[in-house]
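I opened a new structure today and kept notes as I went. Here is the thing I was looking at.

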Amino acid sequence: MVATRDANAQKLETELRRGVLVLAVLSQLRTPQYGYSLRQALAEDGMPIEEGTLYPLLRRLEEQGLLASDWRIEEGPPRRYYKLNAKGARLLDELTTNWRGLVKTMDRLLD
Amino acid sequence: MEAQELIESYVDDVARRLPRKMRNDVGLELRALLGDQLTATAAEAGREPDERMAIDLVHRFGRPDDVASRYRRRSFDLIEPADAPLFVRLATVCVGLQWAFTLPALFAGTTTVGAWWVSWGLGALAWPGALLLWFAAAAWVRRVSPADPDTGRRPWTHWIFWLPMSQDWQPAAAHRPGPREAKLQVALAALATGFFAAPDWFLGVFGADASWAQYDADFRRWLLAPLLGLMLVRLVLFAAVVADTRRRARTETVRFGLWVAFVGLLYWSAFAWTIFAAPSTDALFKAWLSLFLIVNTLQIIVWLRRAATRVRAPASFE
């Protein structure tokens, strides 16, 4: 029973994190990042994301016209760098406003 | 196998499952990303990357088919999730019924296992296929013609909209049949009832030879009157509903009861009586009647199911 409750709590927490995944990723792409560096940046700020989730997400966001990408050779092997485009930046502003409103609402509800 | 080789083999397996257009690009990116990850893991461990590390990494990343599906665009549902339980139930019932009706012949020894399996046994699996096509077509229509958020209507099927059933309800004027349309419905139903009463007479009016459309004497004597009686009462109630433009719970229940009785009588007629005197007419009519009965039986099941699944407050709420 305890194990089931723990598993449920974990599942719900994952759901909660999944809801803010896109916002978290967009927030880090004001400057160009490649997949691994982005994952590191998110993890360092307390938002670890499975690599198997993050990398396909970058592709999908690009397909949705929110990111621009290009291959670069800087240090090490060629890497694909992603960055917000104008549409992505607008969406980030919009989502940030919504998020802040949501946090205030949730704070009121939880207090 | 070297760690890098293992990664490349894994990436090839993922890429193979991707659409051709994105295969190389995603493969190259994935190889670089997994390489970065492997290097970082090795640096943390303080040794060179090895096969064990690479295996752990790709296991954590996911099975190649799972990873490939994450890269693909969101796919569509062949069957709408809300329809899936009904699909499973209908497929199970159809297959079960076909087997239940045909297996007795096998047990009675009039057919062999092999002959039964290649005919009725395996043939029953056509039901899930046919139902799949039906539900997939319904899902496709919903997908390509999303409902208008304001009216709830779909562009191609704008005449289909949700209506409350079996309750005292007055539909909005826009949803009611116009007076001319209502009269036409009643007239057509009356015509069909009249035709059913004496098909040979109707055909004779047009000067056609109607001997092939004569009812069997026993059927005319014993079953025609009760069937016509039920049809006439239903017709009167139908006219009342159309004229009143209301669906009253009691009227609907009476109409349903009459409908069940009518379908029951038709089952009895189809399986225990000769309906038309001419054998070829009788066979042809019974083939059509079987289809009519299947459709009506399904409709009755749906009606009963809807009645049984109404939301009811528990006694403690009262």
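Below are my entries on some helices and on where the two chains touch.

**Entry 1: before I start.** Reminder to self: this is a predicted model.

**Entry 2: a helix pair inside chain B.** I remembered that a pair of packed helices is described by the angle between the axes and the distance between them. So I looked up both for helix α1 (residues 3–16) of chain B and helix α3 (residues 51–61) of chain B: the angle is about 25° and the axes are 8 Å apart. Angles under 35 degrees count as roughly parallel, so α1(B) is roughly parallel to α3(B). I also checked the handedness, and α1(B) passes α3(B) in a right-handed crossing.

Which residues meet here? On the α1(B) side I found B:Ala3, B:Leu6, B:Ile7 and B:Tyr10. Facing them in α3(B) are B:Glu51, B:Met53, B:Ala54, B:Ile55 and B:Val58. Sorted by class, the contact has eight nonpolar residues, one charged and no polar.

**Entry 3: a helix pair across the chains.** Next I tried helix α3 (residues 51–63) of chain A with helix α4 (residues 64–71) of chain B, which pack at about 30° with their axes 8 Å apart. These two are therefore roughly parallel as well. The crossing of α3(A) past α4(B) is right-handed.

I wrote down who makes the contact: A:Gly52, A:Pro56 and A:Arg59 come from α3(A), while B:Val67, B:Arg70 and B:Tyr71 come from α4(B). Their classes are three nonpolar, one polar and two charged.

**Entry 4: the whole contact between the chains.** I then zoomed out. Chain A puts twelve residues into the contact and chain B puts in 14 residues. On the chain A side, α2 (35–44), α3 and β3 (79–84) each supply at least two residues. Which element gives the most to that side? It's α3(A), with six residues. By class, the chain A side has five nonpolar, two polar and five charged residues.

**Entry 5: one long-numbered helix.** Last, I did a ruler check on helix α13 (residues 279–308) of chain B, which has 30 residues. At 1.5 Å a residue, α13(B) should span 44 Å, and its end C-alpha atoms are 42 Å apart, so the two values agree. Then I asked myself how many of its residues are buried. The count is zero, so to speak a blank column in my notebook: α13(B) is hardly covered.

Methods. Residues are numbered from 1 along each chain as its sequence is written. Chains are lettered from A and ligands numbered from 1 in the order in which they are written. This is a predicted model: local features need pLDDT of at least 70, side-chain atom pairs count only at pLDDT 80 or more; totals for chains, interfaces and linings use all residues. Axes are lines fitted to C-alpha atoms, for helices over the stretch in contact, and angles run from 0 to 180 degrees between N-to-C directions. Helices (H or I, at least four residues) and strands (E, at least two) are DSSP runs, numbered from the N terminus. Angles under 35 degrees count as roughly parallel, over 145 as roughly antiparallel, 65 to 115 as roughly perpendicular and the rest as oblique. A crossing is left-handed if the near helix is turned anticlockwise from the far one by less than a right angle, and right-handed if clockwise. Two residues are in contact if their C-beta atoms, placed from the backbone, lie within 7 Å. Ala, Val, Leu, Ile, Met, Phe, Trp, Tyr, Cys and Pro count as nonpolar, Asp, Glu, Lys and Arg as charged, and the others, Gly among them, as polar. The expected span of a helix is 1.5 Å times one less than its number of residues. A residue is buried if 20 or more other C-beta atoms lie within 10 Å of its own, exposed if 12 or fewer, and partly exposed in between; C-beta atoms are placed from the backbone.
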